[in-house]
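Q: Hi! Got a minute to walk through a model with me?
A: Sure, happy to. Here it is.

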Amino acid sequence: MKIHQLFAGVFAVLAVTLSSCEKTFQELEKDPNRPVNVPASLVLQGVESDLANNTGRPFSAEMRWNQFYCSNYNYYANNEYSWTATPNHYNTLKNVVKMEEEAKRAGLAEVNGYTALGKFFRAIFIDEMAKRVGDLPVSEALKGISNLTPKYDTQKAAYVQILKWLDEANDNLASLIAKGETTVAGDFYFGGDLRKWQKVVNAYKLRVLISLSKKDADADLNVKARFAEVVGNPAKYPLLGGLEDNLEYKYNNFNKYPSNPDNFGFDATRQNMAKTYVQLLSGMRDPRVMITCEPAGAELKAGKLPSDYTAFVGASSAEDLTDMSDKAGRNNGAGFAPGLYSFQNRFRYYRTYTGENTFIVGFPEMCFNIAEGYHLGWGNGDAETWYKKGIQASLDFYGVKDGANTMTYSKTGGRETADLANYTVNFNFNDYYSQDAVKYAGKTTKGLQQIISQKYAAFFMNSGMEAYFNWRRTGFPKFETGVGNGNSNRIALRWQYPISERTTNSKNYTDAINSQYGGKDDINDTVWILK
């Protein structure tokens, strides 16, 4: 090789080496084997999963706080309202921001399916936190390293923003649909159908407006007019038309319903049903109690038939746990399920891995929310019509029909075919509705109690903690209070702020609790929307 060729090769290698050294630290720290960008459709699936799994699953602590069921075994759980920090949804909201960024990176327009849904997700996750704690960061939140100590917005300002996001989501979805852009990739709830999502956005807006009923005179929230506008203009604000429009999570053999054959032996007798739920339904001779619950073994041993509504007995959520454990575990002898209390129905919840679909935003709730709004005088519609629609929709979900209904229960408390037996219950909706406890009593306190109580029944094992939040707002139905509640025999009314706020955003956190709660982050204090 000639000497000039050798030097040329050396200089070439040196040039490449020097050029590589000119890369920034940010470029060099990127792992070429790990992706730094992902499709918006993939991020969407994570956000949607959080929507189902991080807001209150069936047979979870949230459902005990709703007083649907109880834990009778202290080693694993109790029924106390001694919670501390609110669930922190800011990590999910960061993914919402990322989803929107990735959609635009892929070349989508400024307004697209992902950004429209992003506004809905912002509204729902901020609502989930705001109604638990009060004031919280909103306007300065999610700014990344440019603002690590965001100020707290008032709870009122948070709800003004939530309603703004919901209006914008509806408008954006309407404009996309009008242009023929009706789908978004990655959505496992509706297969990407933006028309379905638009209905959910508006049904959720009704939930938010009803949650603000104590502030219906506030001019900035403008609750009454907003409600009337939504229910009075279906062309602009399409709503859920039936159960088929529900935003609901569907289980399968991989994503299993929380009560399933795998955990029957672990928790089937450690979880009994709660008095608040069981007594409400059995008192109305409502067959839903026979679908969701087992008749109590002690009642059957005493000679009652499984078709007798008085055979269904729930434990007070406020009962001393030692007493509850003793009563739930009493041996009733061969051929009978143990205990004095009803358990969750073995046939419905422990036979398969799919259980029942879990509503996140459901049609029955929407009907009751419209009924409540009309009951409060927020519009000119008929409260009773929507009240009856809500009851019928919930009955339809459970398969209750006029005529003979076949019910299944466990004679022994087991779940095997040999343990199960059928019985028949006749039902007629008109007869059911004619009962004094059921028939709408008009614009009276009793009428409101009926709407909220039927909404509570329809919330069974779905919609997160909406059953509790409706009780907290109205006092209906009556929740059990006593020693089993912990918390000095009280049901807590709010959550504390996340610990991370106390350590990384201490000044704004301190200012927030000083302005709202006299300097104490107390779970027994009252948030602004309830005052």
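A: What follows is a chat about one helix, one residue and the cavities.

Q: What kind of model is this, and how are residues numbered?
A: This is a predicted model, where local features need pLDDT of at least 70, side-chain atom pairs count only at pLDDT 80 or more, and totals for chains, interfaces and linings use all residues. Residues are numbered from 1 along each chain as its sequence is written, and side-chain values use heavy atoms, with hydrogens and water left out.

Q: Cool. How far apart are the end C-alpha atoms of helix H5?
A: They are 22 Å apart, which agrees with the 22 Å that the 16 residues of H5 (residues 90–105) should span at 1.5 Å a residue. That expected span is 1.5 Å times one less than the number of residues. Helices (H or I, at least four residues) and strands (E, at least two) are DSSP runs, numbered from the N terminus.

Q: Which residues of H5 are buried?
A: Tyr90, Thr92, Leu93, Val96, Val97, Met99, Glu100, Glu102 and Ala103. Buried means under 20% relative accessible area, with a 1.4 Å probe and protein chains only.

Q: And what do they pack against?
A: Helix H3 (40–53) and helix H6 (113–133). Contact here means heavy atoms within 4.5 Å.

Q: What follows H5?
A: Gly107, with a positive phi near 100 degrees.

Q: Switching topic: is Asn172 buried or exposed?
A: Buried, at a relative accessible area of 12%. Asn172 sits in helix H7 (residues 155–178) and touches Val111, Ala116 and Lys119, leaving aside residues up to four places away in sequence.

Q: Now the voids. How many cavities of 30 Å³ or more are there?
A: The structure has 3. A cavity is a set of points, on a 1 Å grid over the protein atoms alone, where a 1.4 Å probe fits but cannot get out; lining residues have an atom within 4 Å of a point.

Q: How much space is in the largest cavity?
A: About 160 Å³, a volume being the space filled by probe spheres set on the points. It is lined by 17 residues, with Ser211, Glu466, Phe469, Asn470 and Arg473 closest to its centre.

Q: Which helix gives the largest share of that lining?
A: H20, with 5 residues. By class, the lining of the largest cavity has 6 nonpolar, 3 polar and 8 charged residues.

Q: What about the second largest cavity's volume?
A: About 110 Å³. The largest share of its lining, 3 residues, comes from strand E4.

How values were computed. Buried means under 20% relative accessible area, exposed over 50%, partly exposed in between (1.4 Å probe, protein chains only). On a 1 Å grid over the protein atoms alone, a cavity is a set of points where a 1.4 Å probe fits but cannot get out, and a pocket is an open set with protein on both sides within 12 Å along at least five of seven lines; lining residues have an atom within 4 Å of a point. Ala, Val, Leu, Ile, Met, Phe, Trp, Tyr, Cys and Pro count as nonpolar, Asp, Glu, Lys and Arg as charged, and the others, Gly among them, as polar.
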